[in-house]
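Thanks for making the time this morning. I would like to walk you through one helix and its surroundings, so please keep the structure in view while I talk.

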Amino acid sequence: MVKLQTEDEIMKHWLADWHLKNIILVTLIGIITGLIFWIMDPIYTAVTAVLTPLGLAPFAGSILLGFWTMAGPLALLVVRIPGSGLLAELLGSVVEMLLGGIWGASTLISGLIQGVSSELGFAVTGYKNYGWLSVTLTSITTTVITFGYQLVRHDYAGFSVGLIAALFVVALVSVFLFSGVLSLLIARMLERAHLLEK
């Protein structure tokens, strides 16, 4: 007979996983990706300026979305503890905001949404898969939820269905490549270098 864990047992087990090394790793990931987020702000402005005369300005956010969503999957692939993706994404958004990111305090809302959406992809497998399956799932959940938020925030309602579909596909590719594939490659590189040994 399988013994079911109580909520207290689950919480104690989860807290036991948060060794100092894991806390430091999540913090480092949050700080480093926060710097990347901040660097992407002027790049976003430049890409928008280039695309505006072509009538394609909304694509700037979709093209670069994968860079802003990489903290969550990277932390989950490296630390492998539920909640690490959310914490890393929030830390990254705090760093971006404190460095003077162009979206100010609303960056924290984006960080929360992106962190939760990255967790969902790994939660589908019960946080038991840290390979291509979870990378694909987290890319899908992150894109769907983050893009949904952008639809409301940037008022995409006036766009044609075709344009919205194109923006979504570009966002999905960006998230899969940068937040998914790149994060997985970084995590595997760290494993091969024996930097993640317990």
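Let me begin where the helix has just ended: Asp155, just after H7, takes a positive phi of about 55°. I should say at once that this is a predicted model, and everything that follows should be heard with that in mind.

Stepping back into the helix itself, H7 has 22 residues and, from its first C-alpha to its last, reaches 31 Å, which is close to the 32 Å expected at 1.5 Å a residue.

Now, how does H7 sit against H8? The axes of H7, residues 132–153, and H8, residues 161–192, come within 8 Å and cross at roughly 140°. That angle makes H7 oblique to H8, and the crossing in which H7 passes H8 is right-handed. On the H7 side the contact includes Trp132, Val135, Ile140, Phe147 and Leu151, and these belong to a set that meets H8 residues among which are Ile164, Phe168, Leu172, Phe176 and Arg188. Taken by class, the contact of H7 with H8 has 15 nonpolar, five polar and one charged residues.

Which residues of H7 are buried? Among them are Ser134, Val135, Thr138, Ser139, Thr141, Thr142 and Thr143, with Thr146, Phe147 and Gln150 further along the helix. The buried residues of H7 pack against H8, and also against helix H3 (59–68), helix H4 (71–79) and helix H6 (106–123).

Finally, a word on H6, where Ser106 lies. Ser106 is partly exposed, with a relative accessible area of 22%, and its C-alpha is separated by 9.2 Å from that of Ser93, 13 residues apart along the chain.

Note on methods: Residues numbered from 1 in each chain as written. Predicted model: local features only at pLDDT ≥ 70, side-chain atom pairs only at ≥ 80, totals over all residues. Heavy atoms only, no water. Axes fitted to C-alpha atoms, helices over the stretch in contact; angles between N-to-C directions. Helix = DSSP H or I, 4+ residues; strand = E, 2+ residues; numbered from the N terminus. Parallel < 35°, antiparallel > 145°, perpendicular 65-115°, else oblique. Left-handed = near helix turned anticlockwise from the far one by under 90°. Contact = heavy atoms within 4.5 Å. Nonpolar A, V, L, I, M, F, W, Y, C, P; charged D, E, K, R; others polar. Expected span 1.5 Å × (residues − 1). Buried < 20%, exposed > 50% of the residue type's maximum accessible area, 1.4 Å probe, protein only.
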